[in-house]
Amino acid sequence: MTQQDRAKVAAGVRALDTYVRDGMLLGLGSGTTSHWFVRSLAERVREGLDVVGVPTSTATRDLALELGIRLADLNDVPELDLTIDGPDEIDGAGSMIKGGGACLLWEKVVARASRRMVTILDDTKIVSTLGAFPLPVEVIPFGWVSTRGHLARLFADAGLGQVEITNRMRGNELLVTDSGHYILDAHLETIPDVPALAGVLNDIPGVVEHGLFVGIADAMVVGHPDGSADVRSL
Ligand code: 5RP
């Protein structure tokens, strides 16, 4: 296990101890940090913890099932108690870029279906300004080249210049998300006004969702390579 993995595990265990209680309906995030959390959760389930999970990706669904965590379909449950998921970047206001694992659509739907969202991360994910991590935008395959053109114009109109937009690939093919869409990655470098950009991206026809999570996280749990973790309210 790397130092960064130790920090990710520490964040997940601290979140488990601080927020997860018997009887909860839990949104289960995607990505490596969340998968460490799911493994820790499974240990508690084997010890008797009674929770039901709602996964944010087919990968998390498969992992949770393999580890014996009971799952439910989001359509069959009322509001979730809590979602635990990780960011690619997070700023001081708790705004995040997510979607590095191409799961941003289900992640946002599940987070929004939850009374609380707690984000877990290693301390390398904290930034002063979002944007060094390319912003994922999920688009429908139909007319995606046209959608990419609209995106480029939106960035230029927002004063962000000529932004490089790349296709997310899996091997030699365009990556297809769990919902059958493509991902365009916008290399913005810096996002001066995150709420403003988040507010306009979904207006482009063909854009299904974007990876800016603004006002969604209620707390962050930050893990460190020495195995410690701290909790910060947002
Ligand atoms: C997947 C995500 C992940 O939560 C995000 O990429 C963080 O991943 P990791 O914990 O592996 O750094 O948004 O779509």
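How much space lies in the largest cavity? About 40 Å³. The model on screen is predicted, and this tour goes from that cavity to three helix pairs.

**Stop 1: the cavity**

Begin with the cavity itself; the structure holds 1 of 30 Å³ or more. To find the place, select Ala102, Cys103, Leu105 and Trp106, then add Glu138, Thr177, Asp178 and Ser179; these residues line the largest cavity. Colour the selection by residue class: the lining divides into 4 nonpolar, 2 polar and 2 charged residues.

Next, colour the model by domain, with 3-126 + 215-227 as domain 1 and 135-209 as domain 2. Why does the largest cavity lie between them? Both domains give residues to its lining, so the cavity is placed between the two.

**Stop 2: H5 and H6**

Hide the cavity lining and show residues 144-157, which form helix H5, together with residues 194-201, which form helix H6. Their axes come within 12 Å and cross at roughly 150°. Angles over 145 degrees count as roughly antiparallel, and H5 is therefore roughly antiparallel to H6. The crossing of H5 past H6 is right-handed.

**Stop 3: H1 and H2**

Now select residues 3-19 for helix H1 and residues 32-46 for helix H2. How do these two helices cross? The axes of H1 and H2 come within 8 Å, and the crossing angle is roughly 50°. That angle makes H1 oblique to H2. Turn the view to look through one helix at the other: H1 passes H2 in a right-handed crossing.

**Stop 4: H2 and H3**

Keep H2 selected and add residues 58-67, helix H3. At what angle do H2 and H3 pack? The angle is about 25°, and the axes lie 10 Å apart. Angles under 35 degrees count as roughly parallel, so H2 is roughly parallel to H3. Here too the handedness can be checked by eye: H2 passes H3 in a right-handed crossing.

**Last view**

Finish with H1, H2 and H3 shown together. In this view H2 takes part in two pairings: H1 is oblique to H2, while H2 runs roughly parallel to H3. Bring back the cavity lining to end where the tour began, at Trp106 and Glu138, among the residues that line the largest cavity.

Definitions and conventions: Residues are numbered from 1 along each chain as its sequence is written. This is a predicted model: local features need pLDDT of at least 70, side-chain atom pairs count only at pLDDT 80 or more; totals for chains, interfaces and linings use all residues. Side-chain values use heavy atoms; hydrogens and water are left out. On a 1 Å grid over the protein atoms alone, a cavity is a set of points where a 1.4 Å probe fits but cannot get out, and a pocket is an open set with protein on both sides within 12 Å along at least five of seven lines; lining residues have an atom within 4 Å of a point. Grid points are joined across faces, edges and corners, and a volume is the space filled by probe spheres set on the points. Ala, Val, Leu, Ile, Met, Phe, Trp, Tyr, Cys and Pro count as nonpolar, Asp, Glu, Lys and Arg as charged, and the others, Gly among them, as polar. Domain bounds come from an automatic or database domain assignment. Axes are lines fitted to C-alpha atoms, for helices over the stretch in contact, and angles run from 0 to 180 degrees between N-to-C directions. Helices (H or I, at least four residues) and strands (E, at least two) are DSSP runs, numbered from the N terminus. Angles under 35 degrees count as roughly parallel, over 145 as roughly antiparallel, 65 to 115 as roughly perpendicular and the rest as oblique. A crossing is left-handed if the near helix is turned anticlockwise from the far one by less than a right angle, and right-handed if clockwise.
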